[in-house]
Amino acid sequence: MLTASKEVKFPHRHLLGIEGLSAQHILHLLDLAEASVELSRQIEKKRVTLRGRTLINLFFEPSTRTQSSFELAGKRLGADVMNMPVGASSIKKGETLIDTAVTLNAMRPDIIVVRHAQAGAVHLLARKVDCAVINAGDGAHEHPTQALLDALTIRRNKGRITGLTVAICGDIRHSRVARSNILLLSTLGARVRAVGPSTLLPPGIERMGVEVFRNMRAGLEGADIVMMLRLQRERMRGGYIPSAKEYFSFFGLDEAKLDYAKPDALVMHPGPINRGVEIDSGVADGPRSLIREQVEMGVAVRIAVLEALAQHLPNG
Amino acid sequence: MDVKRSSTAAIAHRPVALVNARLIDPEEASVSQGGILVVDGVIRGIGPSIANGSLPSHAQIVDCGGDCIAPGLIDMRAFIGEPGAEHRETIASATLAAAAGGVTTILARPDTSPPVDDPAVVDFLLRRARDTGRVRVLPSAALTAGLKGAEIAEIGLLQQAGAVAFSDGAQSVRNSRVMRRVMEYARDFNALIIHYAEDPDLAGDGVMNEGEFASRLGLAGIPREAEAIMLDRDIRLVRLTGARYHAALVTSILSLEIIAKAKADGLPVTCATSINHLTLNENDIGDYRTFLKLAPPLRHEDERRALVAALASGLIDVIVSDHNPQDVETKRLPFAEAEAGAIGLETMLPAGLRLVHSGEMPLTRLLAAMTVCPAAILGLPQGRLREGAPADLIRFDPDEPYIVDPAHLHSRCKNTPFDEARMEGRVKLTMVQGEIVFEAD
């Protein structure tokens with residue numbers, strides 16, 4: 001259907017990060033996502049927004065949930081989705097990221113979804129291709145769709161984001177999820193806290209508009225949302241913290257620590273979770289956990305992002 | 001655009017007079033009107049008396065039209081490709097870039113392949129420079145055998161072969177016992193040690209300056225302390241051994257405090273910083289621009305200002321280009337994977353002139369840090385506007401505006417951090433030992 005004078009609500013051609021998005025643009029994406037939650041709950045889930053379009057999933061790091069939710073989102077909008085098996089392809093034979101970008105560009109995709117282990121890699125790729133690029137996580141830099149789905153989950157459960165206190169806990173230093181969430185939640189007027197041991201906090205974080213806490217009791221006091229982060233296995237021993245056991249003892253979320261937060265506080269985690277390391281199974285699977293809803297919102301948010309970028313695709 | 005180096009016999013016997021110029025004497029910190037007479041590659045006359053009408057009839061006369069004349073620049077830190085990295089740079093391309101930038105003496109880094117840890121390699125470099133170079137190339141040699149930081153290099157033999165300084169290039173000698181022995185041994189030969197000070201363990205996997213900006217970009221940082229800790233160790237070893245020590249690159253306030261103390265105590269210590277650290281800061285990295293990835297990393301603006309002030313006061317002795325050609329294969333990568341380094345021979349003077357135009361230091365001080373100061377540290381006769389000194393001279397207009405176009409730079413690699421930058425000040429003529437080796441249209 002063609003509505004010629006439709007106002008452009010999202011002015012960006014790519015989604016490379018939350019940085020640079022205004023509150024208005026974020027809210028527009030959340031509203032779009034809200035609408036597509038219902039779509040995904042119907043038996044007939046297909047739309048035609050991206051019919052004839054090609055979406056390439058280019059994941060240089062393994063991912064289950066992000067990649068599959070982009071795949072589902074693309075298919076529900078009618079796109080042809082191709083998952084590039086990066087591990088098996090020429091990248092392992094010494095081809096650079098730029099070579100890959102140029103090769104893919106020649107195949108004339110409409111949208112590329114990229115995850116890469118290095119910060120800035122998605123920006124680099126976006127400069128070399130003609131199509132829309134979505135950042136599905138670049139190093140410790142940004143993971144914008146995760147922050148959007150977290151915001152949507154919070155808004156659906158709390159009715160708002162402005163004025164809430166959100167405690168982001170754990171390995172913030174290495175977390176792209178934390179950076180995107182800090183940017184998004186503070187743009188929408190939440191009070192954001194960073195809670196973790198100093199070794200897992202990025203230098204200068206106090207100047208990124210968050211309150212910093214080095215222990216869970218103070219960090220969780222009065223919090224509406226407790227957002228736990230995954231601790232990578234290779235960081236559990238010696239380098240940043242003494243052991244997984246000590247980490248869980250001081251920073252792992254269990255019922256006792258959750259009691260420091262508001263009585264109606266809710267628990268989130270971007271997944272996949274390390275049970276007994278950063279979060280206790282009882283909390284992760286308990287009545288205050290939003291973890292499963294986050295996954296559902298993941299598909300809705302990715303549909304919304306694809307729709308928003310689709311209006312800028314050529315011949316659209 | 002440029003002049004091929006012609007046979008020495010033809011020019012050496014014909015005097016050259018550079019007249020109608022502003023003479024910038026960095027040694028005396030003075031500026032005057034006049035001319036310079038060059039005979040047989042040596043400065044034979046300076047001042048207002050060198051003018052049209054009072055010159056030998058067979059002299060070649062260059063009317064400078066009021067442009068500045070200064071000693072040619074001496075660059076104490078440049079990677080020039082040979083041997084082993086000729087795809088990045090050659091002595092021919094590096095010295096052409098140097099000539100175009102007003103650099104008349106280059107101290108070449110020893111971390112080549114093979115490294116300059118054998119007298120035969122020093123000999124090779126001197127021959128290649130003689131045969132293919134447009135400006136003077138002085139070899140520095142390795143401090144430790146194979147640059148491995150474990151055993152003392154053949155400092156005596158390397159010095160005899162012609163190495164003028166000793167350095168492990170881009171690496172720090174991690175082991176303090178080795179460094180102590182190297183210093184003790186070098187002192188016996190009165191050899192100059194040039195050391196890149198960075199604690200590799202503390203620097204870890206960092207790729208830019210540690211701080212808020214690195215954290216926002218999601219990049220691992222290198223704290224200023226990595227430089228200060230290594231520098232502090234070195235200075236303590238200088239105090240113990242008495243070796244002549246030059247810090248290759250200081251980039252932070254912490255390091256300046258250490259250098260100030262060492263100098264106040266009368267230790268034989270000097271230091272340099274790079275033109276990049278004087279004119280750029282970490283924010284210039286912007287959207288992951290790998291041409292701004294340097295080692296040591298660009299710092300916060302507060303540090304840059306402190307470096308400029310320390311240069312103006314003379315606490316920092318020398319400005320280097322830290323010329324480091326990197327090709328697209330090593331630069332067009334995600335920031336953390338890209339090689340560090342920037343080319344700089346050709347832009348060192350105009351970039352430095354930014355500090356003069358902004359009123360941060362007088363022209364004579366800027367030039368002293370690129371001429372007479374490095375000459376004094378290296379024990380060279382050039383770098384001075386003085387009768388009897390070698391006629392290594394440059395003519396430049398400090399105000400001529402232009403925009404840096406990488407395609408027009410002479411280095412084999414185009415990784416300039418001043419890509420499309422507006423500059424004021426351009427070299428019009430470069431002379432080495434009385435011979436014109438570069439002349440702009």
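**Close-up views of helix packing and model confidence**

**View 1. Packing of helices H2 and H3 in chain B of the predicted model.** Helix H2 (residues 91–101) of chain B and helix H3 (residues 119–132) of chain B have axes that come within 9 Å and cross at roughly 60 degrees. An angle that is neither under 35 degrees nor over 145, and that lies outside 65 to 115, counts as oblique, and H2(B) is therefore oblique to H3(B). The crossing in which H2(B) passes H3(B) is right-handed. On the side of H2(B) the contact is made by B:Ile91, B:Ala92 and B:Thr95, and on the side of H3(B) by B:Leu125, B:Arg128, B:Ala129 and B:Thr132. Sorted by character, the residues of this contact between H2(B) and H3(B) comprise four nonpolar, two polar and one charged.

**View 2. Packing of helices H1 and H11 in chain A.** Helix H1 (residues 23–41) of chain A packs against helix H11 (residues 291–310) of chain A at an angle of about 120 degrees, and their axes lie 7 Å apart. The helices H1(A) and H11(A) are therefore oblique to each other, and their crossing is right-handed. From H1(A) the contact draws on A:Leu29, A:Leu32, A:Ala33, A:Ser36, A:Val37, A:Leu39, A:Ser40 and A:Arg41, which meet A:Glu296, A:Met297, A:Val299, A:Ala300, A:Val301, A:Ile303, A:Ala304, A:Val305, A:Glu307 and A:Ala308 in H11(A). The residues in the contact of H1(A) with H11(A) fall into 13 nonpolar, two polar and three charged.

**View 3. Fold and dimensions of chain A.** The secondary structure of chain A consists of 11 helices and nine strands, and along its principal axes the C-alpha trace of this chain spans about 55 × 45 × 35 Å. For 316 residues a compact globule would be expected to have a radius of gyration near 20 Å, and the 20 Å computed for chain A agrees with that expectation.

**View 4. Confidence in chain B and in the model as a whole.** Chain B has a mean pLDDT of 96, with 97% of its residues reaching 70 or more. Over residues 6–11 of chain B, however, pLDDT stays under 50, and for this stretch the model has five contacts beyond four places in sequence. The scores given for the model are ipTM 0.90 and pTM 0.93.

Note on methods. Residues are numbered from 1 along each chain as its sequence is written. Chains are lettered from A and ligands numbered from 1 in the order in which they are written. This is a predicted model: local features need pLDDT of at least 70, side-chain atom pairs count only at pLDDT 80 or more; totals for chains, interfaces and linings use all residues. Side-chain values use heavy atoms; hydrogens and water are left out. Axes are lines fitted to C-alpha atoms, for helices over the stretch in contact, and angles run from 0 to 180 degrees between N-to-C directions. Helices (H or I, at least four residues) and strands (E, at least two) are DSSP runs, numbered from the N terminus. A crossing is left-handed if the near helix is turned anticlockwise from the far one by less than a right angle, and right-handed if clockwise. Contact means heavy atoms within 4.5 Å. Ala, Val, Leu, Ile, Met, Phe, Trp, Tyr, Cys and Pro count as nonpolar, Asp, Glu, Lys and Arg as charged, and the others, Gly among them, as polar. pLDDT is the predictor's confidence in each residue, from 0 to 100. The radius of gyration is taken over C-alpha atoms; the globule rule is 2.2 Å times the number of residues to the power 0.38.
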